[in-house]
Each structure stands twice: as C-alpha cells, then as structure tokens.
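Me: I am new to this structure and would like a close look at a single part of it. Could you walk me through strand β2 and its surroundings, and then show me how that part sits in the chain as a whole?

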Amino acid sequence: MAWKKIPYRKIIYSLIGVVLVLFGISLALHLVHMAKEYQQGPSAAAALNSYGVSRDSIEGLYYKYEYEDKDAEGNTQYHFISTGGENVPRVVVCKFTWLDEWDFVMLPSRTPAGWQYLETNKEEWEQAFIAWIKSPNYDGRSLSPIYEVYVPKKP
C-alpha cells in the first residue's frame with residue numbers, strides 16, 4: 001500500500017482554517033455573553049447577582065447594597081458590605097466596564113469587559129476573618145480550601 005503524498009500547503013491551510021474557526025467560535029461566544037450583559041445593563045441587582053459577588057456565599061458571606069457613586073472616568077460603582085457575622089465586614093466595590101481594557105506595562109494584559117471587583121479592605125478583613133475562624137465564636141460554616149487550614153482541629 002503506497003502512501004499518498006499530501007502537499008504541505010494543504011496541511012498548513014487546514015491548520016490555519018481550524019485556528020480561524022476556533023477564533024470565530026470564541027469571538028461569537030464572547031459577543032453572546034456581552035449581549036446578555038448589555039441587555040441587563042449595569043445595576044445594583046445585576047452586580048449583586050454577578051459571579052464575583054455571589055461566589056463569596058461559599059464562605060457564608062452575603063452582601064447588602066450600601067450606595068452607588070461614580071469613579072474618575074464617570075463609570076457607576078456599586079458599594080456592598082458583607083453581612084456574614086464576621087468581626088470586620090468585607091467591603092466590595094463593583095464597576096461595569098463595557099469594553100475590554102488593555103495594559104501594556106511589561107507584557108500585554110487584558111481585563112475583559114463586564115463586572116470588575118475591588119475589595120477595599122482585603123487585608124484587614126482577611127486578618128479578622130482568620131482570627132474569627134480560630135476563635136470559639138466560629139459557627140462551623142463551610143469554607144473554601146484557602147481558609148479551611150485555619151479551622152482548629154478537634155481532638
């Protein structure tokens with residue numbers, strides 16, 4: 001049985017075609033996601049239900065809306081405070097950006113459009129949260145693996 005000789009051009013064109021199709025699919029998925037976000041529009045309810053805020057429910061952290069304001073660029077920001085019973089509440093600021101943001105400091109990096117989150121008191125909150133987990137007041141809630149190591153072992 002003789003092997004049929006395949007020209008390298010066909011292989012290269014096929015690979016380029018596959019890459020273009022995959023790029024087109026990922027672009028289409030991104031556009032569908034953004035169309036859904038555009039339809040909802042930025043609002044306090046959408047920020048509260050977004051992944052970045054709702055994922056904290058793993059640690060029993062739930063948020064209440066405090067207020068909204070504008071950043072230096074005129075984007076609306078929503079401020080939330082946690083109500084999980086910890087000693088120092090977590091403060092989260094959510095901002096919706098409509099376009100991807102690129103940064104070219106050393107290497108190009110992209111911040112995708114959508115909800116952006118900023119914890120304004122991360123270090124203070126984390127120290128207090130770990131101290132609360134180690135204390136006798138800890139309520140035994142399930143935690144993410146990051147904080148599980150601080151739960152006192154029972155004898």
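Reply: Happy to help; what follows starts at the strand you asked about and then moves outward to the rest of the chain. One thing to keep in mind from the start is that this is a predicted model.

Let us begin with where to look. Strand β2 covers residues 76-82, and the chain as a whole holds five helices and six strands. Read from the N terminus, the order of these elements is α-α-α-β-β-β-β-β-β-α-α.

A good place to rest your eye is Ser82, which belongs to strand β2. Is Ser82 buried or exposed? Its relative accessibility is 7%, and because buried means under 20%, Ser82 counts as buried. Which residues does Ser82 touch, once neighbours within four places in sequence are set aside? They are Leu61, Tyr62, Tyr63, Pro89 and Arg90. With Arg90 there is also a polar link to look for: a polar atom of the Ser82 side chain lies 2.7 Å from the backbone nitrogen of Arg90.

Now step to Ile81, which also lies in strand β2. Leaving out neighbours within four places in sequence, Ile81 is in contact with Tyr62, Tyr63, Lys64, Glu66, Pro89, Arg90 and Val91. You may recognise some of these names, since Tyr62, Tyr63, Pro89 and Arg90 are among the contacts of Ser82. For a sense of distance along the chain, compare Ile81 with Ile146: these two are 65 residues apart in sequence, and their C-alpha atoms are 21 Å apart in space.

Next, look at the loop between β1 (63-70) and β2, where you will find Asp71. With a relative accessibility of 15%, Asp71 counts as buried. Its side chain makes a polar contact with the side chain of Lys95, at 3.2 Å. Lys95 is also listed with Gln77 as a residue that Asp71 touches, when residues up to four places away in sequence are not counted.

A helix comes into this picture as well. Ala44 is found in helix α2, which spans residues 44-49. Not counting residues up to four places away in sequence, Ala44 touches Tyr65, Tyr78 and Phe80. Between Ala44 and Tyr65 there are 21 positions in sequence, while the C-alpha to C-alpha distance is 7.2 Å.

For a contrast, travel to helix α1, residues 8-40, where Ser26 is found. Ser26 has a relative accessibility of 40%, so it counts as partly exposed. Its side chain reaches the backbone oxygen of Phe23 at 2.9 Å. Leu29 has its place in helix α1 too; this residue is exposed, with a relative accessible area of 58%. Leu29 and Gln127 are 98 residues apart in sequence, and 39 Å separate their C-alpha atoms.

Finally, let us zoom out to the whole chain. Its elements run α-α-α-β-β-β-β-β-β-α-α. The radius of gyration is 23 Å, well over the 15 Å that the globule rule gives for 155 residues, so the chain is more spread out than a compact globule. Along the principal axes, the C-alpha atoms fill a box of roughly 75 × 50 × 30 Å. Of the 155 residues, 29% count as buried, and Ser82 and Asp71 are among them. The accessible surface of the chain comes to about 11500 Å², with 62% of that belonging to carbon and sulfur atoms.

Two further values complete the tour. Among the contacts with a separation of 6 or more, 42% join residues that are 24 or more positions apart. The chain also carries 16 positive and 18 negative charges, and the mean positions of the two groups are 15 Å apart.

Definitions and conventions: Residues are numbered from 1 along each chain as its sequence is written. This is a predicted model: local features need pLDDT of at least 70, side-chain atom pairs count only at pLDDT 80 or more; totals for chains, interfaces and linings use all residues. Side-chain values use heavy atoms; hydrogens and water are left out. Helices (H or I, at least four residues) and strands (E, at least two) are DSSP runs, numbered from the N terminus. The radius of gyration is taken over C-alpha atoms; the globule rule is 2.2 Å times the number of residues to the power 0.38. Buried means under 20% relative accessible area, exposed over 50%, partly exposed in between (1.4 Å probe, protein chains only). Contact means heavy atoms within 4.5 Å. Accessible areas come from the Shrake-Rupley method with a 1.4 Å probe; for residues, only the protein chains shown count as cover. Lys and Arg count as positive and Asp and Glu as negative; His and the chain ends are not counted. The place of a charge is taken as NZ of Lys, CZ of Arg, CG of Asp or CD of Glu. A polar contact is a pair of N or O atoms within 3.5 Å; within protein, one must be able to donate a hydrogen and the other to accept it, and residues adjacent in sequence count only if both atoms are side-chain atoms.
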